[in-house]
Structure formats: structure tokens, C-alpha cells
Amino acid sequence: MEGDGSDAPVTIKNIERELICPACKELFTHPLILPCQHNICHKCVKELLLTLDDSFNDVGSDNSNQSSPRLWVTSPSLDKIDRINRPGWKRNSLPPKTTTFPCPGCEHDVDLGERGINGLFRNFTLETIVERYRQAARAATAIMCDLCKPPPQESTKSCMDCSASYCNECFKIYHPWGTIKAQHEYVGPTTNFRPKILMCPEHETERVNMYCELCRRPVCHLCKLGGGNHSNHRVTTMSSAYKTLKEKLSKDINYLIGKESQVKSQISELNLLMKETECNGERAKEDAITHFEKLFEILEERKSSVLKAIDASKKLRLDKFQTQMEEYQGLLENNGLVGYAQEVLKETDQSCFVQTAKQLHLRIQKATESLKSFRPAAQTSFEDYVINTSKQTELLGELSFFSSGIDVPEINEEQSKVYNNALINWHHPEKDTADSYVLEYRKINRDQEMLSWNEIEVCGTSKVISELESNCNYAFRVRAYKGSICSPCSRELILHTPPAPVFNFLFDEKCGYNNEHLLLNLKRDRVESRAGFNLLLAAERIQVGYYTSLDYIIGDVGITKGKHFWAFRVEPYSYLVKAGVASSDKLQEWLRSPRDAVSPRYEQDSGHDSGSEDACFDSSQRFTLVTIGMKKFFIPKSPTFNEAENRVLPMPTSIGVFLDYDKGKVGFYDMDHMKCLYERQVDCSSTMYPAFALMGSGGIQLEEPITAKYLEYEEDM
């Protein structure tokens, strides 16, 4: 037993690696247990969440985009339509949104649940061990009594109930024998005071007394019996869980202790492997340097040969120009040929003059003709000497380690898409041969200038890329790794990001929602129009000049400023669907009008019928709706789109809507190619809402934001 006391500080000292937060790399401070069972400081969670630029902490666009602020406004209710512009937004009016958090320990995204940080348990056991480590590290620093008059005495014990440290005298005074305080729990001097009872983070007034085997966390009776999140989960008593986990932990610890010699042997083996890796790494570097030096030698040789050829051609051309220039200089007075001819003219002997002048005249005639048709003796261009290195550059760019049979991964273009984030999927012909992948992406500027590649190591065959700029082209490619062997890069995939941050909303189940004709799912992101018996009954009014109107449904969040983008899918079987934006006052007119009371064809710009958009083109109208149906996309009639054949397009798989509130402009996009199909001005003088309408059979599905996949934890209990 003597060895236990002397070895304790050494044991505490040796476990320092287990007491370091993976985020701040310091000793844990108020550690929290993540769903993946890793620990992290409370302050680190808060700081990392603040730096995350995700769109699913709150419903709506990225709040980090300071150039695009937005005011949250709830949808207008029919009975309070006059107060449609009331400010503020109640979080409880929407279904809870989950928050994903990247664990610094395992680097996987985990789901923090609807309560976020508040739903995480504080790891008091780890906190106590950290405090013991701190005490061992500062053994020379005494903890002073909190109740002594100055100067304070060194404390001898700490009371966990009073959260204070006492010297012997003060402890006797404040914990007199025979009183309730005498029954308080006390320990050695410490500064770490934790609560004696672990309370439920979801029901703060209830203590935990059960253990959920599915979620592997303590819960209270309200979590299980009060219709809480664990009502359908299998639970056990806390004492049973304590006994089971303690037996498992003790058994595992004893097993490891019994294998101490084996562990030491494996540590020695690892040291040898590290040295071997060091040597092999240096050898691989030397081999790589040798190969590159050979390439440099070839390039230097080719460079020297090309430069010599260019210099030779340059010298030959300059010589020709020099000769031609000297000939022309001879045509000047008192120079060269002209000067010589002038001297010949001074000859008085006729026979001698004729003998010399004949040949001289021919030379003069030739110079005269060349003067009339001037032509340089050589070309100044070196186009024939331009080096084409595009093919070699491409090959050098793909220069990699010998693949040893590792196939090139292929990006799946159908399953890869971009919305609020980019989702890239790929497949590998021999999936089990690759240990990991590296996904590369970079932004392509408008002048097609390529920026440097960003790299992300991925264990699976898909990855979500966030923090991409709006309205930009991005190139993506992937390569596979097996050990130190790398495959060539895949073919690049080019994706265009939306023109603005993604605006998240759900369908409003209160404002104007007709549950007789429309069916809204529980998530409120899909609505269907039921063309049933009620529609047939309403159709009888055709005999007296009336017909059935559209059934409207709007978004539950309004827009008052900034640029926003959202997308949706229309089911191919849909007969007639209208989609776009509408102002709050226009919605007030539509939703106050008695259903089927009048024919909307005569209500100007009501939006009820295709005739509403076709009637006129008003640049200041307070709504814009396009018609979709029968697998077609109909562009509203306007001066730009007047002919019928130009206004009917194939229905895109997914349709995007871009609203620039500040400029009063709305556009409709084909999401597959991020191409604008139709754009026009709209009056944004009041709050704007996403608006939809259906007639007959049809369905609308809001595009789901791209988020990281949640981890699925294997159960080992």
C-alpha cells in the first residue's frame, strides 16, 4: 500500500495527454461530452461554433454575409393580416433545427441536437482528474483558507457542499459537531467544486436517475416518461449502468495491465518502424530529387538547343538587314553607288566612260527598281520559334507517384451538386484498394484565371464543401491514396454556385393554408394538391360562370433586405403550379378575398390565372409568379418574351428563385446549369414572401440544404 501513495503523482503526470483539449491544446476547462464520446472545453465549443459559417444554426441565409443582411419576419396569419409587418421572429414557431459540430477529436460532424451546447453533459469525472493533475503539478503552491482573517492560513480540507476551503480551526467553527453542516462532504484542499447531484440538461430541475442504452447517456424520468426524446428508447437504472460500466472498465484495465510486456514490445517495434520510416522517407526524397534533376537536365538541354536556334536565326536575319541597309545607304548622295556614279560622270575619255558606265547603269537601274518596290530582306517575326508546352505542362501537372495499379476515381456528376454548400460524390472502380482520398477544389475567375487548389483529405467517397463564394465557378477533382502511393487526378467537374446566399424557410401551415385541398408533410417542406371530391363539387359552379381558384401556400419567413436564393422541385405529374414572390399587402388582398366568390380572370394581376401575367407588363407590380405544369416552364408574357414558342421551355429538374430586394429584381433559374431563364423588376416596398399556388394534382418539394452526414454510432452496450 505504500507504493500506491508514492506512485500516484507519477500516474497523474503520465496521463497528461488524456487531459488535453483537442481544440485549444490545453488542460480541459469545464469539459463537455460530445455525442461521439469525445471531450472538449465549454469555451472551445462556443468559439468554434461562432467561427462556423453554416446555414443551419438558425433558419435562413448565412448570417456571416454582412453584405446581405436580413430581418426575420414571421408569416402573416389570416386573422391578423393587418399586422403583417410586425418585427421579430419567434424561434418556437418553427420546428427545431439541428446543429452539426465538427469534433476536433475524431474530425467527424456530430449532431448537437436542438438544444445545442445546453444539451451536452459536463464531464465532472474528467474535471476532477484534471484538478488532481493541477494539484500534483503545483504541489509547492498551497491552497489558502477562504474564511481566515488576513493573513490566511494554509487550508487542510475543502467542503464540497460549501464550495470553500478551510484550515483546521475555521472548519471546526463553520462545521460544528452535531449540526447539519457536520455531515457535509469534505475532501483534501482543492479549487474544483462540482455539484453533488448531476442534473438533466433538458429538464434542469430534474436529477438524472436512468441511463439510455441507445444514446449512451444519463437521462431523467421526464426524458423517458414525459414524452421526451428518449420515450421509445431502452433505459436501465443508474445503479445497473454504473455496475455494468465499472465492471467493463475494470476488466479492460486489468487486461491492459496484464499485457504490459506485450505493449512494451510493441512500443519497441513502433520505434524501429519510425526509424525505418525516417530512412525510407529520406531515400524516397533522394530518388525524387534524382528524377527531377534528370528532368531539369533534359529541359536545360532543350532550352540551350532552342536558344541557339533562335540566336542563329536572329544573326542571319540581322546580317541580311545590314546588307540591305548598306545597299540603300549607297543610294544617298556622295555615298556608295551614287557617289561612285558621280565620280564616273567626271570621266572625259569616251571609250573609258562607256566601258565603265555600262555595268554601272545596270546597277543603278536595279537600285531604282528596288526603291520602287521596297521589300525587307528578312522577316521580323519569330512565330515559328514559339514553344508549345501545353501538352508537356498538362503532363507535368499530372506528375505523381507510380500508381501501382490504383485506378483513377471518377466524380459522379449526377449525385454531385451545389446549393448552400457543395456536395461532391465519387466512386472508385476498386473501392477497397484506396486508404483515403484527397478532394481538391479551386475558384475559377471570370477571366478563366485558375487559383491555387485547396485540398481536403477524405476517408469516404463523398464530401460537403462549405464557405464557397456566391455566383462563382468552382472546379473539383479527386485522387486516391494507398499508403504513400497516389493515383492520377480525376477529370475535373465544374459547378456554378447560386447568385446569392441560400434562404431557408418552410411552408406556412396557418396563413391561407387550405387543408381540404392541400396536404402538407410533417417537416413542412413538401406540399401536394389533392384533386379529389371537393374539387369536383366546386367544378359545378362552371354552369353559372364561376370556376375553382388556385390554392395558395407561402413561406413562413419574410424578406426585407438583401439578396437571397432558394430552390424547389415540381413533381412531373403536376397539372398547374405557380411559384415566385409576393408582397405582404398583395397576399393580404389574395387571402382576404372569399374563395370562389368571383372569377379571378377579371381581377387584374391577381396571379390566379395565366391571364393575370399576360394581361400587361407592369414593372412596378407587387408580385411575380411563373407557371409550371405538364412538364413545361412557362415564361410570363413581356416585351422581351412575346412569341408563344419562346415562352414555353422544358421544365427543369429543380428551379431556383433569386430575389434582390434592394434592387427590386427577381430571377428564375435552371438549377442543373445555374442558368437564368427569366428575370424582371418587382415592387419590394414591403415585406416579400416566397409564394406558391397549385391547381389540380401537383406537388412541390423545397430543396433540402446540403449538410454533413450525421455519424451513426455503433451500440456496444
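A residue counts as buried when its relative accessible area is under 20%, as exposed when that area is over 50%, and as partly exposed in between. The exercises below use this rule on a predicted model.

**Exercise 1. Determine how Arg 569 and Glu 703 are paired, where each lies, and whether each is buried, partly exposed or exposed.**

Step 1. The side chains of Arg 569 and Glu 703 come together in a salt bridge, with an N to O distance of 3.2 Å, which satisfies the cut-off of 4 Å.

Step 2. This pair joins distant parts of the chain, since Arg 569 belongs to strand S26 (residues 563-570) while Glu 703 sits in the segment after strand S35 (698-702), 134 residues apart.

Step 3. Glu 703 has a relative accessibility of 12% and therefore counts as buried, whereas Arg 569, with a relative accessible area of 32%, is partly exposed.

**Exercise 2. Contrast the salt bridge of Asp 319 and Lys 315 with that of Arg 234 and Glu 213, looking at where the partners lie along the chain.**

Step 1. In the salt bridge between Asp 319 and Lys 315, the closest N and O atoms are 3.3 Å apart, and for Arg 234 and Glu 213 the closest N and O atoms are likewise 3.3 Å apart.

Step 2. Asp 319 and Lys 315 both belong to helix H7, where a spacing of 4 residues corresponds to about one turn of the helix.

Step 3. Arg 234, by contrast, lies in the loop between helix H5 (221-225) and strand S12 (235-237), and Glu 213 in the loop between strand S10 (210-212) and strand S11 (217-219), so that the pair, 21 residues apart, links distant parts of the chain.

Step 4. As for accessibility, Lys 315 counts as exposed at 54% and Arg 234 counts as exposed at 63%, while Asp 319 is partly exposed at 37%.

Step 5. The whole structure holds 19 salt bridges by the 4 Å rule, and Glu 440, Glu 455, Arg 477 and Arg 479 are linked in a network of such bridges.

**Exercise 3. Explain why Cys 41 is not assigned to a disulfide, and examine Cys 212 in the way used for Cys 41.**

Step 1. The cysteine sulfur closest to that of Cys 41 belongs to Cys 21 and is 3.7 Å away, which is too far for a bond because a disulfide requires two sulfur atoms within 2.5 Å.

Step 2. Cys 212 is also in no disulfide, the nearest cysteine sulfur being that of Cys 215, at 3.8 Å.

Step 3. Cys 41 counts as buried at 0% relative accessibility, and Cys 212 is likewise buried at 0%.

Step 4. A search of the whole structure agrees with these two cases, finding 0 disulfides.

**Exercise 4. Describe the patch of negative charge and the nonpolar patch on the surface, and state which helix gives the largest share of the nonpolar one.**

Step 1. The patch of negative charge on the surface brings together Glu 278, Glu 282, Glu 286 and Asp 287. Glu 282, one of these residues, lies in helix H7 (residues 260-329) and counts as partly exposed at 37% relative accessibility.

Step 2. The nonpolar surface patch covers about 670 Å² and is made by Phe 292, Leu 295, Phe 296, Ile 298, Leu 299, Leu 396 and Leu 399.

Step 3. H7 supplies the largest share of the nonpolar patch, with 5 residues, while Leu 396 is found in helix H10 (residues 390-397).

How values were computed: Residues numbered from 1 in each chain as written. Predicted model: local features only at pLDDT ≥ 70, side-chain atom pairs only at ≥ 80, totals over all residues. Heavy atoms only, no water. Patch = residues over 30% accessible without salt bridge, like charges linked within 9 Å, V, L, I, M, F, W, Y side chains within 5 Å. Areas by Shrake-Rupley, 256 points an atom, 1.4 Å probe, with all protein chains shown as cover. Lys, Arg positive; Asp, Glu negative; His and termini not counted. Charge placed at Lys NZ, Arg CZ, Asp CG, Glu CD. Helix = DSSP H or I, 4+ residues; strand = E, 2+ residues; numbered from the N terminus. Buried < 20%, exposed > 50% of the residue type's maximum accessible area, 1.4 Å probe, protein only.
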